[in-house]
Amino acid sequence: MTTSSLPTFLALAATVMFAASGSAQSAPQADIIFVHGNILTGVHLRAEDRSATPARVTGIAVFAGHVLAVGNDDEVLTRKGPNTQVIDLHGAFTMPGFNDAHTHMAGAGQQKLTVDLDNVASLATMQEKIRAYVAHLAPGTWVLGGGWDHTKWASKALPTRQDLDAVTGGHPAYLERTDGHIAVVNTAALKLAGIDDTTPDPQGGKIDRDADGHATGILREGPARQAVQAKIPPPDYATRRKALELAIEDALSHGVTSVQDFSDWDDWLVLESMEHEGKLQLRFAEWMAFDTPLDVLKQRRASHDANDPLLHLTQLKAFMDGSLGSRTALLAAPYADDASNSGLPRYDQDKLDEMTAERAVAGFQLGFHAIGDQANDMALNAMNQGEFFRALGTCYDAHTGPFPRSPPLPCEATMIARARFRIEHAQVVLPEAFQRFHDLGVIASMQPSHLLTDMAWAGQRLGPERVKYAYAWKSFLDHGVTLAFGTDYPVESINPMRGLYSAITRQNEAGTQTFEPQEKLSIGEALYAYTQASAFAEFRETSKGRIEPGFLADFVVLDRDLTKASPREILNTKVLRTVVGGRTVYTAPPAEATH
């Protein structure tokens, strides 16, 4: 926690002790009390949960940004004082705020400020949007944006530099696909970057070429895109801040109260300034780039209080491969619809092992992007090196499996000492990987809304056997693996209702296609993954994910009860109110607020 939050924390601790002793008259009075709700506290979503807190209550009392008490209305109103605000929830369903375990908030906001190509239905529509954007640009200004997805077009064909040349009017252009793993650039951008017919493919990247050997404008993965990105002027402070503000507004309007985010370091500095000004309303667990030199990572980690409840640094993010949609995900055998291609590895195993051991011993949580089964295998191999496990010491916990400890700490040490390694996406795995995840205590950080888009073509990419181990949420849970949910925003909408719908139905949004239905989850399992498990993934399970005394007062009020609604109703659920630290940070427009 920050130094400034210490007095309120101590006051809260005293409050909880008073509450436990039953001395209600001596306990501090609530700042805010919410009554007449249908409140799912989040406890008892798992069979092993033995909390004394009821699963359902009608009232919440809040003090100093934390839950002071829960219970029926009469019980929480005993905390009312002369200055306590009382808010009537009018019977609305209320639950812990969603904690999105995987976002790119700065990129999402910047996409809104540039050419937003999300959900464009065709190349022609993409060109129309670019042409309209270019009409207002100053000479020489870059055309930037993203969100296009050729798999949603009737042609299924990737755009080319010539397609951009026709509408960019000589401006250099760089436009990322929705997954952020490939980009299309125009001829002007290729020339500025020095990419020509003789430029070799960089390791871990690919420059697509036509039959005559000329670059098509498609650049696959970061190593290939970096030459162009290096020529793009970075956004200034004002632009970064506006982008983050737009993304935060979007998240709060969808009931998301915490995000685990991978944005640039300069964006982190903007978030710090927003926090210092008291204008940061969304909780951030920010990641740093795995490839950053270790001494720089240590300096950055030391620059901010790790216990700050609003903004803190967590894992190091590394990329093992690309994406299925771009056919850059690394597979153990070639793509079923492209026999000449098995994807693009971003590391060789020896180098990955070396860097992983170095950073693990330095005490960093590690999170590896891995889509393909071979990429997941590489990540698990790196996380299971005997030398650094021996250096740290190995303990065992029935819930998380083996986990490393630093040498001074015994097995009974606090939860914060656990490594909690993560694999981000884990979309396609080998059959034996589920048990490996469990045995190593690796968290599967997955995004169920990806399936809504990918099921239209994933079967063709993977083939009938490999598809059985794709987006396999239930198999992970059945093997005792911690499953944390997010969206990969802006690759998918940050709306958690799409993820819940996908998790419990395994159907597309139209309800016309089902994908491997044996991997469906219950609504309770899906809610747990989106709240308490995602809190565990960022070392915050004792303060987030439940509406319980001592927890942060982060919750969302919805227009229907998710535990009783049909899948279609869940997909159409609206947020009425979002509360962070007891403060209402979003309310629905009057036309949408039915309570």
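Salt bridges come first: a search of the whole predicted model turns up 30 of them. One joins Asp267 to Arg240, with the closest N and O atoms 3.0 Å apart. This pair links distant parts of the chain, as Asp267 belongs to helix 9 (residues 265-276) and Arg240 to helix 8 (residues 237-253), 27 residues away. Neither partner has much of its area open to solvent: Asp267 has a relative accessibility of just 2% and so counts as buried, and Arg240, with a relative accessible area of 7%, is buried too. Arg240 and Asp267 don't stand alone, either, since salt bridges that share partners pull Arg240, Asp264, Asp266 and Asp267 into one network.

Helix 8 supplies another partner in Arg241, which forms a salt bridge with Glu277, the closest N and O atoms being 2.8 Å apart. Glu277 sits in the loop between helix 9 and strand 16 (283-289) while Arg241 is in helix 8, so this bridge ties together parts 36 residues apart in sequence. Here the two ends differ in exposure: Glu277 is partly exposed at a relative accessible area of 42%, whereas Arg241 is buried at 12%.

A further bridge is found in a loop. Asp337 pairs with Arg327, and their closest N and O atoms are 2.9 Å apart. Both residues lie in the loop between strand 17 (311-319) and helix 11 (349-361), so the bridge ties together parts of the chain 10 residues apart. Asp337 is partly exposed, with a relative accessible area of 29%, and Arg327 likewise counts as partly exposed at 27%.

Turning to the rings, the structure holds 13 aromatic pairs. Among them is the edge-to-face pair of Phe437 and Phe476, at 4.9 Å centre to centre and with 70° between the planes. Phe437 comes from helix 14 (residues 433-440) and Phe476 from helix 17 (residues 473-478), so the pair ties together parts that are 39 residues apart in sequence. Both of these phenylalanines, Phe437 and Phe476, are buried.

Phe485 and Tyr530 make another such pair: their ring centres are 5.8 Å apart and their planes stand at 75°, past the 60 degrees needed, so the arrangement is edge-to-face. With Phe485 in strand 23 (residues 483-485) and Tyr530 in helix 19 (residues 523-530), the contact ties together parts 45 residues apart in sequence. Phe485 and Tyr530 are both buried, and they belong to one aromatic cluster along with Phe98 and Trp473.

Arginines also meet rings. The charged end of Arg359 sits over the ring of Phe290, 5.1 Å from its centre. Arg420 does much the same with Phe536, lying over the face of the ring at 3.8 Å from the ring centre.

Finally, there is helix 4. This helix takes in residues 123-134, 12 residues in total, and reaches 16 Å from its first C-alpha to its last, close to the 16 Å expected at 1.5 Å a residue. Its buried residues are Met126, Gln127, Ile130 and Val134. These four cover an arc of only 95° around the axis, which puts them on the same side of helix 4. What covers the buried residues of helix 4 includes strand 9 (115-116), strand 10 (143-148), helix 5 (161-168), strand 11 (173-177) and strand 12 (182-185).

Methods
Residues are numbered from 1 along each chain as its sequence is written. This is a predicted model: local features need pLDDT of at least 70, side-chain atom pairs count only at pLDDT 80 or more; totals for chains, interfaces and linings use all residues. Side-chain values use heavy atoms; hydrogens and water are left out. Helices (H or I, at least four residues) and strands (E, at least two) are DSSP runs, numbered from the N terminus. The expected span of a helix is 1.5 Å times one less than its number of residues. Buried means under 20% relative accessible area, exposed over 50%, partly exposed in between (1.4 Å probe, protein chains only). The arc is that of the directions from the helix axis to the C-beta atoms. Contact means heavy atoms within 4.5 Å. Rings of Phe, Tyr and Trp (its six-membered ring) pair if their centres lie within 6.5 Å; planes under 30 degrees apart count as stacked, over 60 as edge-to-face and the rest as tilted. A charge sits over a ring if NZ of Lys or CZ of Arg is within 6 Å of the ring centre and within 35 degrees of the ring normal. A salt bridge is a side-chain nitrogen of Lys or Arg within 4 Å of a carboxyl oxygen of Asp or Glu.
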